[in-house]
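I sat down with this model today and kept notes as I went. Here is what I looked up, entry by entry.

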Amino acid sequence: MGFPVNGFPTCPLWLIGCGNMGGAMLRRWIAAGLDPASVTVITRSGKGVPDGVRSLTALPDEDAPGTLMLALKPQQIDAARALLAPMKGAPKLLLSILAGVDHAALAGRFEADAIVRAMPNLPVAIGKGVTSLYTPGASAEATTAAEAFAAPLGHYEWIADEAHFDAVTALAGCGPGFVFRFADALAKAGAALGLPADQAARLAIATLEGSAIMAADADVSPAVLADRVASPGGSTREGMNVLDRDDALVALLTETLAASERRNAEMAAAAR
C-alpha cells in the first residue's frame, strides 16, 4: 500500500454508501488531492457523487479495492454484507463509520487485512472536523493508511480502549449538533432581549466562531478563559453565575452525552 506525494494510498477506494457524512469526507479528500478517478461509490440511487467519481448501484465484477469504506447507516450493515459477499478477495483496509458498530461485529461480517473504526463529525467537510480511530493490533502500514485518510479532515486521535468509543462518539461525533443547538439558543435569548432575530443569530454564530478559535489557540483551559472574561462584579460574571449554579450546565451536558452514549450502545447490541 504505497503513498504518493499527496499522502493518500495509491490503491483504489470504494465507498459503500455516500450520505451526508460519507459525502462530506469524500469531497474533502478530493479537495485535498485524492484523484476522483480512483474512487468508486456504490449506492442504491447511484446519484449525488462528486464529478469524476465512478458511481454504481451494484458491486463491480473486479478485484477488491485496497481501501473499502462503509459509509451507510448502522442498521444497513447486513445489507452491506450481502452486497459485498461476491467480492473477489479482500481489501487491505476496511474503514467503517457505522456509529455504534464495534470491531467484533465488523470482523464477523467482513474480510479485510485490517479493520479500522472511524468516527468523524460534520466539520470534516471544511477540514476542521474531529475523527476518532480505533483498531486492535493492525499493522503500522494499515494505521498509517487510516491516518492518511483522517489527516485532511482535521484533528484525529486514536482511541486505546474500544469501550470508550461510544463516549467519544457522543462527545465529538454528536457534539456539533449540540453546539449548533447552543448557538440557536444563544440567538433566541438575544432575540428575547429585543434584538432582531437575524441580527441575534449572526452575533451568536460569530461569537462562537471567535471563541472556539481562541480556545483552540490558548495555552490554558476553557474554564480559565471563562474566568478571565468574567470580571468580579461584572455583567459576564452575573450571567455565568446562572450557568454555574448547582453545576446546571455540566449536569445538562452530562445527561445529553449519556443519552447519546446509551443509543450508541443500543445500536452496537443490535448489530451483533
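**Entry 1: the cavity**

I began inside, with the largest cavity, and listed its lining: M25, W29, L95, A118, T131, L133, A146, F149, A150 and L153. I should say at once that the model is a predicted one. Which elements give two or more residues to this lining? They are α1, β7 and α4 (140-150). I found that α4 has the largest share, with three residues. Sorting the lining by class gave me nine nonpolar residues, one polar and no charged. For the volume I noted about 50 Å³. I then searched the whole structure, and one cavity of 30 Å³ or more turned up.

**Entry 2: the whole protein**

I stepped back to see the overall layout. I counted 10 helices and eight strands. The C-alpha trace spans about 70 × 35 × 35 Å along the principal axes. Of the 272 residues, 38% count as buried. I also looked at contacts with a separation of 6 or more: residues 24 or more positions apart account for 60% of them.

**Entry 3: the sheet**

Next I traced the strands. In what order do they lie in the sheet? I read β3-β2-β1-β4-β5-β6-β7-β8, an open sheet of eight strands with mixed pairing. The edges are β3 (54-56) and β8 (154-158), each of which pairs on one side only. From one strand to the next, the twist averages 20°.

I spent some time on β4, following its pairing on each side. Strand β1 (residues 13-16) runs parallel to β4 (residues 67-70), and four bridges join the two. Within that pairing, I noted M69 of β4 as the bridge partner of L15. Four bridges also join β4 to β5 (residues 93-96), again in parallel. Here T67 stands opposite L93 in β5.

Where do the side chains of β4 point? T67 and M69 go one way, L68 and L70 go the other way, and all are buried. I jotted down the background as well: in a regular strand, side chains alternate between the two faces of the sheet.

**Entry 4: helix α5**

I moved on to α5 and asked what it lies across. The helix lies across β6 and β7 (129-134), and runs at about 35° to β6. I then checked α5 against helix α6 (residues 175-192): their axes come within 5 Å and cross at roughly 35°. On the α5 side, the residues that meet α6 are A170, L171, A172 and G173; on the α6 side, I found G175, P176 and F178. By class, this contact has five nonpolar residues, two polar and no charged.

**Entry 5: the second largest pocket**

I finished with an open space, the second largest pocket, and wrote down about 840 Å³ for it. Which residues are closest to its centre? Of the 30 that line the pocket, they are G19, A71, L72, K73 and Q76. The elements that give two or more residues to this lining are α1 (20-31), α2 (77-84), β6 (114-120) and α5 (165-173). By class, I split the pocket lining into 18 nonpolar, 10 polar and two charged residues.

Looking back over my pages, I see α1 in two entries: it gives residues to the lining of the cavity and to that of this pocket. Helix α5 also came up twice, once lying across β6 and β7 and once in the pocket lining.

Technical notes: Residues numbered from 1 in each chain as written. Predicted model: local features only at pLDDT ≥ 70, side-chain atom pairs only at ≥ 80, totals over all residues. Heavy atoms only, no water. 1 Å grid on protein atoms, 1.4 Å probe; cavity = no way out; pocket = protein on both sides within 12 Å on 5 of 7 lines; lining within 4 Å. Points joined across faces, edges and corners; volume = space filled by probe spheres on them. Nonpolar A, V, L, I, M, F, W, Y, C, P; charged D, E, K, R; others polar. Pairing = 2+ DSSP bridges. Axes fitted to C-alpha atoms, helices over the stretch in contact; angles between N-to-C directions. Contact = heavy atoms within 4.5 Å. Buried < 20%, exposed > 50% of the residue type's maximum accessible area, 1.4 Å probe, protein only.
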